[in-house]
Amino acid sequence: MDVLNTLKYENDVLRGYITWSGILLIKLLLMAFLTGFNRFRKGAYENPEDIRGRENVEIKKDEDVERVRRAHLNDLENIPAFLFAGLAYVFSNPNVDLALWLFRIGVLARIGHTIVYAIYPVRQPARFITFIITLLITLFMIIASIAAFFHL
Amino acid sequence: MDVLNTLKYENDVLRGYITWSGILLIKLLLMAFLTGFNRFRKGAYENPEDIRGRENVEIKKDEDVERVRRAHLNDLENIPAFLFAGLAYVFSNPNVDLALWLFRIGVLARIGHTIVYAIYPVRQPARFITFIITLLITLFMIIASIAAFFHL
Amino acid sequence: MDVLNTLKYENDVLRGYITWSGILLIKLLLMAFLTGFNRFRKGAYENPEDIRGRENVEIKKDEDVERVRRAHLNDLENIPAFLFAGLAYVFSNPNVDLALWLFRIGVLARIGHTIVYAIYPVRQPARFITFIITLLITLFMIIASIAAFFHL
């Protein structure tokens, strides 16, 4: 297996990984603005310096804000793992079509997770399904990478 | 120093990095199921949609669940740092035996951290020792990488 | 575009990326000690095993400790994204001076964020400005990388 050959512009797996990773990272970064929007809408802040001189705002926990925070924390628990697993998987020189579909479905499921958790709450198992899809893809990519490179 | 030579299948440092990173990522992903197991066992949930139509469950904080959450958050504070530091360290073409032992001990200490924190709580300094071992290895790999590539 | 040429010791973008990433990771890891220092100073802990046999300490939330925790969590929301974006950006073979300045400013702004949030709280918009600088640099690097490698 030639790892170096996977790091070429001509490798669609590398290009797809960078494109879909970028889309997922943009989604992750937008969570901060979703939190900020809900804090502003509900007047609920965490730090004294954020409410100084403003009216109708206070230090309090608000359920809408906390919901976005939980979705954001769930992202932190899953997105870096997906991206590390994806990079190792790129190195393992996988089938191009399979790899691209794993990136596409994994990223879209994560975007779906944010929608059904933080934007428009939907009854279970909507959130569980979107969560488990990306997690299973991450696990698959990890196991495929370990299988390709195994050395303890 | 030839960075490209470190990205070859023949490089046991790269293979060990991918293998041990994969093991650590699987451990990280399993934390979600450990949380889920404790939520189910104690009937303690965070979201209204998770308890709809179920009996003996409620929205509440439970100490066993929160303990796993704290262990998971501690993972997020340390595992991505360990993995980024490890990748830079692979690029720096380190001694093979040293690098493999750092990966092995760093990952096993993190698994130990989860055990003594979230699964079978042990009195201090058990948790502190497992925590500091991985952290010191991470710091060492960062400093070795900066030393090899230093350019501000 | 030749991705492999970006992975050479002679590439100052790669060297700058590893150096500044390392500095940022060291800052991230030091947050644990800042939390520990504040827990000790205020006697505020989260786990029963941390206060066993000690005097003047208890299980409680303390605002100084929680402030550092919030700064740390904000790091987790932004630093891995910055590092993944930076790595993809290195692969895209960017202008050397531009890339180095993005790394320098992005990392220094994050260090500034910690100072005005967790060490010496300053009134807004100090924290917001330091936050948004690194975030905009991260977004720019993501978009530049997607533009260079685009493949869905």
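Start by selecting P125(A), which sits in the loop between helix 4 and helix 5 of chain A. You are looking at a predicted model, and this loop is a good place to check backbone geometry. The peptide bond that joins Q124(A) and P125(A) is cis, with omega at about 10°.

Now jump to chain C and pick P125(C). Its place is in the loop between helix 4 (96-119) and helix 5 (126-149) of chain C. Here, too, the bond from Q124(C) to P125(C) is cis, and omega is near 5°.

Go back to chain A for one more backbone stop. Select N93(A), found in the loop between helix 3 and helix 4 of chain A. N93(A) is not a glycine, yet its phi is positive, at about 55°.

**Where chain A meets chain B**

Show chains A and B together. How many residues does each chain bring to the contact? Chain A brings 34 residues and chain B brings 36 residues. The area buried between chain A and chain B comes to about 3,100 Å², and carbon and sulfur atoms give 71% of that. Highlight E77(A), F84(A) and H151(A): these residues supply 22% of the area that chain A buries against chain B, more than any other three residues.

Keep E77(A) selected and add R69(B). Their side chains meet in a salt bridge, at 3.1 Å from N to O. In general, side chains of opposite charge can pair when their charged atoms come close. Between chain A and chain B the count is four salt bridges, and there are eleven residue pairs in polar contact, with both residues at pLDDT 80 or more.

Next, colour chain A by helix. Helix 3 (63-91) and helix 5 (126-149) of chain A each supply at least two residues of the side that touches chain B. Which helix of chain A gives the largest share of that side? It is helix 3 of chain A, with twelve residues. Colour by residue class instead, and the side of chain A that touches chain B divides into 24 nonpolar, five polar and five charged residues.

**Where chain A meets chain C**

Hide chain B and bring in chain C. This contact takes 36 residues from chain A and 34 residues from chain C. About 3,100 Å² is buried between chain A and chain C, with 71% given by carbon and sulfur atoms. The residues to highlight on chain A are I18(A), L29(A) and E49(A), which supply 20% of the area that chain A buries against chain C, more than any other three residues.

For a charged pair across this interface, select D50(A) and R127(C). They form a salt bridge in which the closest N and O atoms are 3.0 Å apart. The count between chain A and chain C is four salt bridges. Eleven residue pairs are in polar contact across the interface of chain A and chain C, both residues being at pLDDT 80 or more.

Which elements of chain A give two or more residues to the side that touches chain C? They are helix 1 (12-42), helix 2 (48-51), helix 3 and helix 4 (96-119) of chain A. Helix 1 of chain A gives the most, with 16 residues. By class, the side of chain A that touches chain C has 22 nonpolar, five polar and nine charged residues.

**The second largest pocket**

Show chains B and C for the next stop, the second largest pocket, whose volume is about 590 Å³. Of its 22 lining residues, R127(B), A32(C), G36(C), R39(C) and D50(C) are the closest to its centre, so use that set to centre your view. Helix 3 (63-91), helix 4 (96-119) and helix 5 (126-149) of chain B, together with helix 1 (12-42) of chain C, each give two or more residues to the lining. Helix 1 of chain C gives the most, with six residues. The lining has eight nonpolar, six polar and eight charged residues.

**A last pair within chain B**

Finish by selecting D12(B) and R15(B). Their side chains meet in a salt bridge, at 3.8 Å from N to O. Because D12(B) and R15(B) are three residues apart in helix 1 (residues 12-42) of chain B, about one helical turn separates them. Zoom out to see all chains, and the structure holds 39 salt bridges.

Technical notes
Residues are numbered from 1 along each chain as its sequence is written. Chains are lettered from A and ligands numbered from 1 in the order in which they are written. This is a predicted model: local features need pLDDT of at least 70, side-chain atom pairs count only at pLDDT 80 or more; totals for chains, interfaces and linings use all residues. Side-chain values use heavy atoms; hydrogens and water are left out. Contact means heavy atoms within 4.5 Å. Buried area is the accessible area (1.4 Å probe) that two parts lose on being put together, summed over both. A polar contact is a pair of N or O atoms within 3.5 Å; within protein, one must be able to donate a hydrogen and the other to accept it, and residues adjacent in sequence count only if both atoms are side-chain atoms. Helices (H or I, at least four residues) and strands (E, at least two) are DSSP runs, numbered from the N terminus. Ala, Val, Leu, Ile, Met, Phe, Trp, Tyr, Cys and Pro count as nonpolar, Asp, Glu, Lys and Arg as charged, and the others, Gly among them, as polar. On a 1 Å grid over the protein atoms alone, a cavity is a set of points where a 1.4 Å probe fits but cannot get out, and a pocket is an open set with protein on both sides within 12 Å along at least five of seven lines; lining residues have an atom within 4 Å of a point. Grid points are joined across faces, edges and corners, and a volume is the space filled by probe spheres set on the points.
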